[in-house]
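Please work through the exercises below with the sequence and the model at hand. Each task is followed by a worked solution.

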Amino acid sequence: MTELQAASETAVGERSRDGYGDDRRRQGVIGRYAERLPLTAATPRITLNEGDTPCIESRSIVSTLGLGSLHFKFEGLNPTGSFKDRGMVVAVAKAIEEGSRAIICASTGNTSASAAAYAARFGLRAIVVVPSGKIAQGKLLQAQIYGAKVLAIKGNFDRALRAVRELCDRYPVTLVNSVNPYRIEGQKTAAFEIVDQLGDAPEVLAIPVGNAGNITAYWRGFREYHADGLCSRLPRMVGGQAEGAAPLVLGRPVERPRTVASAIRIGNPASWEQAIRARDESEGLIDSVTDGEIITAQRWLASAEGIFAEPASAASLAVLSKSVRAGLVPPGTHAVCVLTGNGLKDPDAARRDLAAPVPVDEDVENIARLLKL
Ligand code: AN7
């Protein structure tokens with residue numbers, strides 16, 4: 001056998017039986033990063049094929065902002081359409097390991113969609129508590145179709161979280177909000193992937209901040225890789241909050257948070273201290289952006305890059321753009337922007353002011369005239 005034949009034998013041998021080029025994706029977060037997660041021999045290796053999302057290179061926004069490089073970590077391509085799947089798979093695996101039969105969360109929508117999906121697939125009961133009338137249509141639909149018990153609470157996310165925390169203290173139900181430490185452990189794998197995909201950590205990581213679990217998780221992930229010599233630098237963490245829901249920027253809880261980005265309509269983040277620590281240790285910043293800036297960023301991503309992310313996700317681009325204009329992120333910086341969720345989840349937010357479809361009949365000449373062909 002020639003060397004070439006031997007090499008191709010090996011390559012074929014590594015292929016999974018159903019013909020995937022490699023089975024990294026099919027292993028999910030637990031399979032790929034097992035040694036960096038708090039697993040035991042008894043933790044079930046479950047997956048819905050979460051993680052391994054693309055780091056998409058910017059084609060146009062990078063030069064408009066004058067950055068050295070810009071990549072979008074598009075978490076909207078996870079199985080339920082958001083980054084929540086990374087933490088949920090670990091939280092659910094540990095819940096199963098511990099013999100739990102039911103999971104519960106408060107949610108602005110994405111956590112509930114993810115909890116419902118993993119519970120459905122792995123035989124747990126899911127209960128989700130959402131702020132009544134305040135979550136995106138697609139997310140509510142997801143929780144319902146996966147078969148979760150959906151409870152709508154009068155009041156905002158912060159109230160819902162308080163209620164489920166108390167419930168879990170008193171009844172045999174596992175809390176899967178990001179106050180569950182396994183959620184943060186799973187979510188830190190996104191930082192590992194960015195380094196694995198780009199070869200090093202970026203200089204700036206722009207990220208939306210709501211309950212502040214994700215910024216906490218990324219910072220932990222980068223620090224772990226850095227401590228093990230797997231990246232040469234640590235990024236500055238640049239967090240974006242919506243102006244009407246910016247407790248970390250104001251330095252105090254917001255009683256009645258308000259924003260078009262319903263996913264981050266949170267007034268009293270559970271991981272408050274950890275987010276401030278991530279900001280300060282990384283010499284980064286957390287700033288607020290207006291709803292107008294968020295929607296402008298969402299449209300910009302879609303029309304200039306072909307990426308449809310939900311409004312909360314676009315807060316990361318909005319805050320990056322604002323920081324560049326303010327001179328807080330210098331020209332030539334290597335940046336990654338985390339796009340946490342899929343735009344299709346929230347058609348109502350995206351639809352505003354978009355041109356309606358143009359009615360036509362099937363007369364080709366008329367169509368051609370209309371299009372000035
Ligand atoms: C798309 O689903 O809190 O700062 O209950 O859905 O880790 O809270 C969602 C949060 C950013 C903020 N982008 O992340 C929930 C929930 C999207 C989100 C965030 C959320 P954290």
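The exercises that follow concern a predicted model.

**Exercise 1.** Determine whether the length of helix α13 agrees with its number of residues.

*Solution.* Helix α13 covers residues 291-305, which is 15 residues. The expected span is 1.5 Å times one less than the number of residues. For α13 this gives 21 Å, and the end C-alpha atoms are 20 Å apart, so the two values agree.

**Exercise 2.** Establish how the buried residues of α13 are placed around its axis.

*Solution.* Begin by listing the buried residues of α13: I294, I295, A297, Q298, L301 and E305. They cover an arc of only 160° around the axis and therefore lie on the same side of α13. Next, inspect the other side of the helix, where T296 and S303 are exposed. Finally, note the residue that follows α13: G306 has a positive phi, near 75°.

**Exercise 3.** Classify the aromatic pair of Y33 and F192, and locate both residues.

*Solution.* The structure contains 4 aromatic pairs. In the pair of Y33 and F192, the ring centres are 5.3 Å apart and the planes meet at 50°, so the pair is tilted. Y33 lies in the loop between α2 and β1, F192 lies in helix α9, and 159 residues separate them. With a relative accessible area of 3%, Y33 is buried; F192, at 0%, is buried. Y33 and F192 form one aromatic cluster with Y225.

**Exercise 4.** Decide whether L370 is buried, partly exposed or exposed.

*Solution.* L370 is found in helix α16. Its relative accessibility is 46%, so L370 counts as partly exposed. L370 also belongs to a nonpolar surface patch with V358, V360, L371 and L373, together offering about 540 Å² of accessible area.

Methods. Residues numbered from 1 in each chain as written. Predicted model: local features only at pLDDT ≥ 70, side-chain atom pairs only at ≥ 80, totals over all residues. Heavy atoms only, no water. Patch = residues over 30% accessible without salt bridge, like charges linked within 9 Å, V, L, I, M, F, W, Y side chains within 5 Å. Areas by Shrake-Rupley, 256 points an atom, 1.4 Å probe, with all protein chains shown as cover. Salt bridge = Lys/Arg side-chain N within 4 Å of Asp/Glu carboxyl O. Helix = DSSP H or I, 4+ residues; strand = E, 2+ residues; numbered from the N terminus. Buried < 20%, exposed > 50% of the residue type's maximum accessible area, 1.4 Å probe, protein only. Arc of directions from axis to C-beta. Phe/Tyr/Trp six-rings, centres within 6.5 Å; stacked < 30°, edge-to-face > 60°.
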